[in-house]
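User: Please walk me through this model in short questions and answers. Keep to what the coordinates support.

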Amino acid sequence: MSASKLDRLVKMMNQIALNMSANGTDKMVADQVAQHLEKFWSPPMKNLITEQAAGADIGLTPIAQLAVKNLLVMQEAKRA
Amino acid sequence: MLEFYEPQADYGTPESTSTELVTLSIDGVEVTVPAGTSVMRAAAESGVKVPRLCATDQLKSFGSCRVCLVEIEGRRGFPASCTTNVEAGMEVRTQSDEIAKLRRNVMELYISDHPLDCLTCPTNGDCELQDTAGELGLRSVRYGFEGENHLQAEKDESNPYFTFDASKCIVCSRCVRACEEVQGTFALTIDGRGFESKVSASQAEDFMDSECVSCGACVNACPTATLTEKSIIEAGKPEHAVTTTCAYCGVGCSFKAEMKGNQVVRMTPYKDGKANEGHACVKGRFAFGYATHKDRITVPMIRDSIDDPWKEVSWEEAVSYTAKRFKAIQAEYGRTSIGAISSSRCTNEEVYLVQKMVRAGFGNNNVDTCARVCHSPTGFGLKTTLGESAGTQTFASVADADVVVVMGANPTEAHPVFGSRLKRRLREGAKLIVIDPRKIELVSAPHIKADHHLPVRPGTNVVVLNALAHVIVSEGLEDRAYIEQRCDMPEFEQWLAFIKDERHSPENTEQFSGVPAADLRAAARLYATAGNGAIFYGLGVTEHSQGSTAVMGIANLAMLTGNIGRDGVGVNPLRGQNNVQGSCDMGSFPHELPGYRHISDGATRALFEGEWGVSLDSEPGLRIPNMFDAAIEGEFKGLYCQGEDIAQSDPNTQHVEAALRAIDCLVVQDIFLNETAKFAHVFLPGASFLEKDGTFTNAERRISRVRKAMPPLSGKADWEGTMALANALGCEMNYSHPSEIMDEIARLTPTFNGVSYAKLEQQGSIQWPCNDNTPEGTPIMHIDEFVRGKGFFAMTEYVPTEERANRKFPLLLTTGRILSQYNVGAQTRRTDNSSWHGEDLIEIHPHDAEERGINQGDWVGINSRVGDTVLRANITERVKPGVVYTTFHHPVSGANVITTDNSDWATNCPEYKVTAVQLSKVTAPSNWQSRQQSFDKQQQGLLQKAQLQEARN
């Protein structure tokens, strides 16, 4: 995995979070961002961002970080 | 069924839309017609043809030729039937000895100044003058041919598609009126008076040098051989015709492909086609020669490496080679290592099959379509706010608009037939607001002047849309009753609080958008208060990093002012290609099945699983840019690309090329060796729209038939090629005709449940949704409620693009199209349309040019953060200082070498419309252009080797 691929995903995710920023509280926005990713991103993209974001600063904004956590919960719920 | 050629029925004057009926008698027969109908038309509708020369039902009656005289009981003289409207109880006689004598006398005068070369005339047998002379029984001309006449008048052959032979002109003014009333260009006039009267293009110029846009309306209207297609002069009169749908822009014009055997000799706009109603543009009308161009590749080819010569093979070998390689790739790299890209140029049935093959055959959802790079934000934005990923109106609805907003679209260039319709309404008095960085033609055209032009700085559409909404709510101009009845109120109140914030006021936003506050306020007031408000938008809205936000902002504006759900209003995306709407409808996006149903929805998936007999992946697949990234990562190794030229059309060309080089098996199905095919390992020859059956869906959601006019040159239509590949991969498909594919689509898609080829034959076209609730289709959407129930006011926070102008890159480049060319130009560059646009130019304001010492026609280097290219300068005030503009119709231009891979936050639609650049005078092509030319030469050489080898065999 090259840095550029992760960089692109981080950029996309921050961009989504920023564009949804007026939609409500940080928690609501993070939830909407996670739902957006769940709806439109392919599994390898979702997996990459959740794996790389776990315990590391990959450049995600605070809301995007919260969204990754929500996404993880959604993925685990699906697996369960 | 074979349809022998005959001219389309002409009722002489336009149809009246009055609901009041009038009964009269014509030649003793009682006739009932709508009030406002001419006597000529009433006669025609009852089966009586009144002779005429200056009248046609495409134009308002004119009353100049005096051939259509009739007698009306109780009236003196002989009124012209074209300019006399019906009245209750009127008794009309169309034939009498006296009428016949009068008509013959008039005809005699016409013929006394007309060449008698009928047998060698190109329109022999297809000439209204000739027919009328026959009908009137003209046997001699008493005046002789010795006097002063126009028989030696010079012929103008300057236009590549038609000639103007003034010696045959009867000065009926039909061409002049067609140019005015139908096309709205006003390029023609009658110069001089009396005997000196003659048709003149602009100021007595050649047609080619005049303002003529070669739409062909004048040629269509001409009753003689004065204006005649060169293809007819060469080939003669057609012998049969096939009604089909144009394969250029999203207007979806209906045409009669007029044929001699398997040769198209003319494309005539079909008067019963509801999208175009008998009009056309220079592309659809004339630029069909590409279909039989010598560059067509009609034999499948394969090669192991892109440095190898191509080898021509049978369809069976090409398909089996592809299947073997795809299977091997999946075995080595996994199920998701291959995918497909379908095209908005192909039929609904074809794109449906591609996504079916991917989901059911490849076993993943890695399918995307070129709508990704144009209108994917429309799909997202309109689905979110209104509940359906489609425009809300018919094109004809614009006739009821009181104010029209055109935003980020250039209809007279990119959607010209709709542009003509719009101009007609504007000439009738509708108001116009143009929101565009450039002074597009509509800002100031003959008899049209925009009431407001908001010259938005590229990248700030959302700022302007928010400011418009701010003015409307802060001045109390919203339609509160409509909102309360039709929209979700909690979300509206939340949005209201957001939009009322002073930061959205025009006075605050002016610094970002460059739009003067007073102009913006006036435009907002006009849109909110003028009556029916219709918004038309294009890629200048969607192709931004905030494209989806802008679409939602447009929907918000329409809901805010109660402008959705009836004629004359609405939100209208002008789709770039012929079947953008259809390709999206057919499940071509990686996250949804046909009918915009998400792949994660178990019930929908079960429906398709039951029909297809497979289990479907419930997760979204890769979008086009994700495919490129994955290819470069070595994770995506096989791609089937049908009818799209991603190497030329997608942004950041060098990134795209790197991705294509990284793919192990690239399969391209196309009619030419396009830029993408130069990186391919398998070439499957495509079929033009003339070579297949199917349907296209235009920007109005109108499904129209595409009918085969000639056999596919390669032996297979595109759907047959896909089916062969699917079967080789073990994904069984056994369709014998595209109608069976449409039947399957209808079975599985609620909005298409009522669609069938039989109904299309019966109705001509159908606007979806078409089902038990709306068996004849749905011209206007969201009439009583929105598809999602209550309309949703989406928050539209403005997030600036990361692409900023600075000292190093001080100018903003935006891109667009020109009338004569179409997208990547693969079709139009192979026609005489290149006479108007042989190369892409960079438009630059005189001030910016002077600062850089750039003169008209100079070679200019354009540098962006990702690449550079070289184009010739066109210095013009059409762009404002700080903004430059180019088109992208020629591969060597490398317009996408400089565009970045920034994209819309929601859909990844590329931000083609904003690239920071610097310009400088140069003397040589860019490095990329040199490499491109060398690569092109190499690939053409490898193609020729294959063709030479085949010739030897």
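The exchange below covers cores, sheets, the chain contact and unusual backbone angles.

User: What kind of model is this, and how are residues numbered?

Analyst: This is a predicted model: local features need pLDDT of at least 70, side-chain atom pairs count only at pLDDT 80 or more, and totals for chains, interfaces and linings use all residues. Chains are lettered from A and ligands numbered from 1 in the order in which they are written, and residues are numbered from 1 along each chain as its sequence is written.

User: How many residues does the largest nonpolar core have?

Analyst: A nonpolar core is a set of buried Ala, Val, Leu, Ile, Met, Phe, Trp, Tyr and Cys residues joined through C-beta atoms within 7 Å. Buried means 20 or more other C-beta atoms within 10 Å of the residue's own; 12 or fewer is exposed, in between is partly exposed, and C-beta atoms are placed from the backbone. Those with the most contacts inside the largest core include B:Cys175, B:Cys218 and B:Ile554. Its count is 165 residues.

User: Which residues does B:Cys218 touch?

Analyst: Contact means C-beta atoms, placed from the backbone, within 7 Å. Residues up to four places away in sequence are not counted. The partners are B:Cys175, B:Ala178, B:Cys179, B:Leu188 and B:Leu227.

User: Which strands are the edges of the seven-stranded open sheet?

Analyst: Helices (H or I, at least four residues) and strands (E, at least two) are DSSP runs, numbered from the N terminus. Two strands pair if DSSP finds at least two bridges between them. The order in chain B is S14-S13-S28-S27-S26-S15-S16, with mixed pairing. Each edge strand pairs on one side only: S14 (311–312) and S16 (367–369) of chain B.

User: What is the bridge partner of B:Ala340 in S26(B)?

Analyst: Strands S15 (residues 338–342) and S26 (residues 638–642) of chain B run parallel, joined by four bridges. In S26(B), the partner of B:Ala340 is B:Tyr640.

User: At about what angle to S15(B) does helix H9 of chain B run?

Analyst: Axes are lines fitted to C-alpha atoms, for helices over the stretch in contact, and angles run from 0 to 180 degrees between N-to-C directions. Helix H9 (residues 348–362) lies across S15, S16 and S26 of chain B. Its angle to S15(B) is about 170°.

User: What is the average twist in the six-stranded barrel?

Analyst: The barrel closes in the order S32-S36-S33-S35-S34-S37 of chain B, with mixed pairing. Within it, S33 (residues 841–844) and S36 (residues 883–887) of chain B are antiparallel over two bridges. From one strand to the next, the twist averages 45°.

User: Which element gives the most to the side of chain A that touches chain B?

Analyst: The contact takes 17 residues from chain A and 16 residues from chain B. On the chain A side, helices H1 (3–19), H2 (26–40) and H3 (43–53) give two or more residues. The most, six residues, come from H1(A).

User: Which residue follows B:Trp768 through a cis peptide bond?

Analyst: Most peptide bonds are trans. Here omega is about 0°. The loop in question lies between S31 (765–767) and S32 (811–816) of chain B. The residue is B:Pro769.

User: B:Arg701 has a positive phi; is this residue buried or exposed?

Analyst: Its phi is about 65°, although B:Arg701 is not a glycine. The residue sits in the loop between S29 (694–697) and S30 (702–706) of chain B. With 25 C-beta neighbours inside 10 Å, B:Arg701 is buried.

Technical notes
Contact = placed C-beta atoms within 7 Å.
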